[in-house]
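Let's work through a protein model together, one question at a time. Have a look at it first.

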Amino acid sequence: DEIESTIYVTPNPFSSHLINSVGKRVSYTWTEGTYFENNKFLSDLVRNDLVTADKFCEFIDLWHMLDDDDDITQLHPKKVTNYAIYAGRQNDCQRQIVPYMQPHSPYLTASDDAPWKTHPFGYLRDGGDSENVWTAYINNLRLVLNYVETLLTNVDAEKVIITSDHGELFGEWGLY
C-alpha cells in the first residue's frame, strides 16, 4: 500500500531502465532504444521480477531527458528537483522517492578543463592531488543539498529521509 502511494522520480539510468522494462508506461519520458535494453545483467533482474513499476503511484524516468545543459552522464539536480516538485503538485500520492546522482562524479562545479572533473579516481591513481578531488566532491555535495533544500520547501512532508546509495573511497587502503 505504501509503494502504491509513492511517486518515484529518478535520473538514474539503472533504476529507470529496470523499472520501465517491466512494461509500465511512464508519464514524462520514453524508454525505447536505450543502451540498457541489451544488458544481460539488467535483463536478468527484470526477468526475475526483482523490480516492478506497476506498484508505484507514479514513476518518472528522467534519464532520457539529458540535453546540452547537462553533463553527458548526469542530469543536473535542478531538473530533478523541478520534476519532483511538479509531480508532487500534480498527484495525490502520499510520498516521494527522489534520488539524485550527485555527489557522484562528474563534479558539476569543477571547471571543464579540471582533470578530476569526470575521472577523479584515475586522476588520483596517476598521482593527482587528493585535495582537488575532495574539494570538488564536497562542492558537488553542497550543490545537490541546495536543491534538496529547494525541494523540501516546496513539498508538504511530515518526515524526510536523506540518504545515499553508497560512499566513495578516495584512495584509502589503495581503493577507489
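Before we start, a quick definition: a surface patch is built from residues with over 30% relative accessible area and no salt bridge, and nonpolar side chains are joined into one within 5 Å. Keep in mind that this is a predicted model.

Q: Which residues form a nonpolar patch on the surface, and how much accessible area do they have together?
A: Look for Leu145, Leu152, Val160 and Ile162, which form the patch. Their accessible area together is about 340 Å².

Q: Is leucine 152 buried, partly exposed or exposed?
A: Leucine 152 is found in helix H5. Buried would need under 20% relative accessible area, and exposed would need over 50%. Leucine 152 has 35%, so it counts as partly exposed.

Q: In strand S2, what is the bridge partner of isoleucine 7?
A: Strand S1 (residues 6-10) and S2 run parallel, joined by four bridges. Both faces of S2 (residues 58-61) are covered, with Glu58 and Ile60 buried on one side and Phe59 and Asp61 buried on the other. The partner of isoleucine 7 is glutamate 58.

Q: Which helix gives the most to the largest nonpolar core?
A: That core has 16 residues, and Val9, Leu62, Val98 and Tyr100 have the most contacts inside it. S1, helix H3 (77-90) and helix H5 (130-154) each supply at least two residues. With four residues, the one giving the most is H3.

Q: How many residues are in the second, separate core?
A: Nonpolar side chains tend to be buried together in soluble globular proteins. Here, the second core includes Ala110, Phe121, Leu124 and Ile138. Its residue count is twelve.

Terms used
Residues are numbered from 1 along each chain as its sequence is written. This is a predicted model: local features need pLDDT of at least 70, side-chain atom pairs count only at pLDDT 80 or more; totals for chains, interfaces and linings use all residues. Side-chain values use heavy atoms; hydrogens and water are left out. Buried means under 20% relative accessible area, exposed over 50%, partly exposed in between (1.4 Å probe, protein chains only). Two strands pair if DSSP finds at least two bridges between them. A nonpolar core is a set of buried Ala, Val, Leu, Ile, Met, Phe, Trp, Tyr and Cys residues joined through side-chain atoms within 4.5 Å. Patches are made of residues with over 30% relative accessible area and no salt bridge: like charges are joined within 9 Å, nonpolar side chains (Val, Leu, Ile, Met, Phe, Trp, Tyr) within 5 Å. Accessible areas come from the Shrake-Rupley method with a 1.4 Å probe; for residues, only the protein chains shown count as cover. A salt bridge is a side-chain nitrogen of Lys or Arg within 4 Å of a carboxyl oxygen of Asp or Glu.
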